[in-house]
Amino acid sequence: MSGRRPRPDVLLLVAAGGALGALLRHAVDVVAHHGTFPWPTLAINVVGSFALGALPLLAAVRRSPRLAATLGPGVLGGFTTVSAWAGQTRELAASGHGAIAGLYLLVTLAAGLAAASVGRRLSRRAEPEEALG
């Protein structure tokens, strides 16, 4: 935490972005095929992790703290979900699918970290600020 007081306009942007992200996550969950393994949540968390890591690739995000807050903690924070991941892992284990629960736990963590790392590496190749004008 930075210790700075959050500005009301930035809080509203984060809240609006969070609502949009939650709607996107819900849409993916509604249209996705559901089986024993919770692929939709895994995909959501991996894609969201990559996007969070790669967010600085966008010059507009680097220039605008408001846009960065809207897309980062807002949209992508609302899109990704640790609570669903934890709940689904618990449900799998409780329903006798302990091996699948363990696999889901590890794959989500490893894939999310890898995706965020790849996104972050890509963002470091972003255009230098001096070239943005």
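Lysine and arginine count here as positive, and aspartate and glutamate as negative. By that reckoning, the protein carries 12 positive and 6 negative side chains. The centres of these two sets lie 5 Å apart. The structure described here is a predicted model, and the paragraphs below move from the whole chain to a pair of helices and then to two single residues.

Taken as a whole, the protein is built from 6 helices and 0 strands. Along the sequence this gives the pattern α-α-α-α-α-α. Measured out along the principal axes, a box of roughly 55 × 30 × 30 Å is filled by the C-alpha atoms. Of the 133 residues in the protein, 29% are buried. The exposed surface comes to about 8,400 Å², with 68% of it supplied by carbon and sulfur atoms. Contacts across the sequence are also informative: among those between residues at least 6 apart, 75% join residues at least 24 apart.

One helix pair can be looked at in detail. Two packed helices are described by the angle between their axes and the distance between the axes. For helix α1 (residues 8-31) and helix α4 (residues 65-79), the axes come within 6 Å and cross at roughly 35°. This crossing of α1 and α4 is right-handed. On the α1 side, the residues making the contact include Val10, Leu13, Val14, Gly17, Gly18 and Gly21. On the α4 side, Ala69, Pro73, Gly74, Val75 and Phe79 are among them. Charged residues take part as well, including Asp9 and Arg25 of α1 and Arg66 of α4.

Where does glycine 53 sit? Its place is in helix α2 (residues 39-54). Glycine 53 counts as buried because its relative accessibility is 9%, and the cut-off for buried is under 20%. Leaving aside neighbours within four places in sequence, glycine 53 is in contact with Ala116, Gly119, Arg120 and Ser123. Serine 64 lies 11 residues from glycine 53 along the chain, and the C-alpha atoms of the two are separated by 17 Å.

A second residue, threonine 89, belongs to helix α5 (residues 82-94). Is threonine 89 buried or exposed? With a relative accessibility of 12%, threonine 89 counts as buried, since that value also falls under the 20% cut-off. Which residues does threonine 89 touch, not counting those up to four places away in sequence? They are Ala101, Tyr104 and Leu105.

Definitions and conventions:
Residues numbered from 1 in each chain as written. Predicted model: local features only at pLDDT ≥ 70, side-chain atom pairs only at ≥ 80, totals over all residues. Heavy atoms only, no water. Helix = DSSP H or I, 4+ residues; strand = E, 2+ residues; numbered from the N terminus. Buried < 20%, exposed > 50% of the residue type's maximum accessible area, 1.4 Å probe, protein only. Contact = heavy atoms within 4.5 Å. Areas by Shrake-Rupley, 256 points an atom, 1.4 Å probe, with all protein chains shown as cover. Charge placed at Lys NZ, Arg CZ, Asp CG, Glu CD. Axes fitted to C-alpha atoms, helices over the stretch in contact; angles between N-to-C directions. Left-handed = near helix turned anticlockwise from the far one by under 90°.
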